[in-house]
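Please look over the sequence and the model below before reading the report, and keep both at hand while following the residues that are named in it.

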Amino acid sequence: MPGKKNPSLKDPELYEELRDDGASKQKAARISNAAANKGRSAVGRKGGKAGDYDDWTVPQLKAKAKEIGLTGYSAKKKSELIAALRNS
């Protein structure tokens, strides 16, 4: 996003850091906006409840993909679903 202003990003600096670290655009925007809204330390403490995706069944992985708005997940193998969820 260099040179382009995006009014929907609440913390563009954090967004760029996350993108540089390899996060997807959607994931970086979601984290940076949450951090701007609730504070970076609050967002850092969040999570850790879902467990490892490797322990999930394929139907559970597909339900999670649908919940977060991924597309094209229905024909994916378990390993592909896990990669898509981790990178979203």
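The report goes from the chain as a whole to one helix pair and then to two buried polar side chains.

**The chain and its confidence**

This is a predicted model, and its average pLDDT over the chain is 81, with 78% of the residues scoring at least 70. Confidence is lowest in helix H3, residues 40–45, where the mean is 62, and highest in helix H4, residues 58–68, where it is 92. The secondary structure consists of five helices and zero strands, so that, read from the N terminus, the order of elements is α-α-α-α-α. The chain has 88 residues, of which 24% count as buried. When contacts between residues at least 6 apart in sequence are considered, 31% of them join residues at least 24 apart.

**Helices H4 and H5**

Helix H4 passes helix H5 in a left-handed crossing, and the axes of H4 and H5 (residues 78–86) come within 10 Å and cross at roughly 30°. On the H4 side the contact is made by Val 58, Leu 61, Lys 62, Lys 64, Ala 65 and Ile 68, while H5 contributes Lys 78, Leu 81, Ile 82 and Leu 85. By character, the residues of this contact of H4 with H5 divide into seven nonpolar and three charged, with no polar residue.

**Asp 11 and Ser 32**

Asp 11 lies in the segment before helix H1, which spans 12–20, whereas Ser 32 is found in helix H2, residues 25–38. Why do both count as buried? The cut-off is under 20% relative accessible area; Asp 11 counts as buried because its relative accessibility is 14%, and Ser 32 is buried because its relative accessible area is 0%.

Each of these side chains also reaches a backbone atom, as the table sets out.

| Side chain | Backbone atom | Distance |
|---|---|---|
| Asp 11 | nitrogen of Leu 14 | 3.2 Å |
| Ser 32 | oxygen of Ala 29 | 3.2 Å |

Which residues are in contact with Ser 32, leaving aside its neighbours within four places in sequence? They are Leu 9, Asp 11, Leu 14, Tyr 15 and Leu 18, so that Asp 11, the buried residue in the segment before H1, is one of the contacts of Ser 32. Leu 14, whose backbone nitrogen is reached by the side chain of Asp 11, is likewise among the residues in contact with Ser 32.

Terms used
Residues numbered from 1 in each chain as written. Predicted model: local features only at pLDDT ≥ 70, side-chain atom pairs only at ≥ 80, totals over all residues. Heavy atoms only, no water. Helix = DSSP H or I, 4+ residues; strand = E, 2+ residues; numbered from the N terminus. Buried < 20%, exposed > 50% of the residue type's maximum accessible area, 1.4 Å probe, protein only. Polar contact = N/O pair within 3.5 Å; in protein donor to acceptor, adjacent residues only side chain to side chain. pLDDT = per-residue confidence, 0-100. Axes fitted to C-alpha atoms, helices over the stretch in contact; angles between N-to-C directions. Left-handed = near helix turned anticlockwise from the far one by under 90°. Contact = heavy atoms within 4.5 Å. Nonpolar A, V, L, I, M, F, W, Y, C, P; charged D, E, K, R; others polar.
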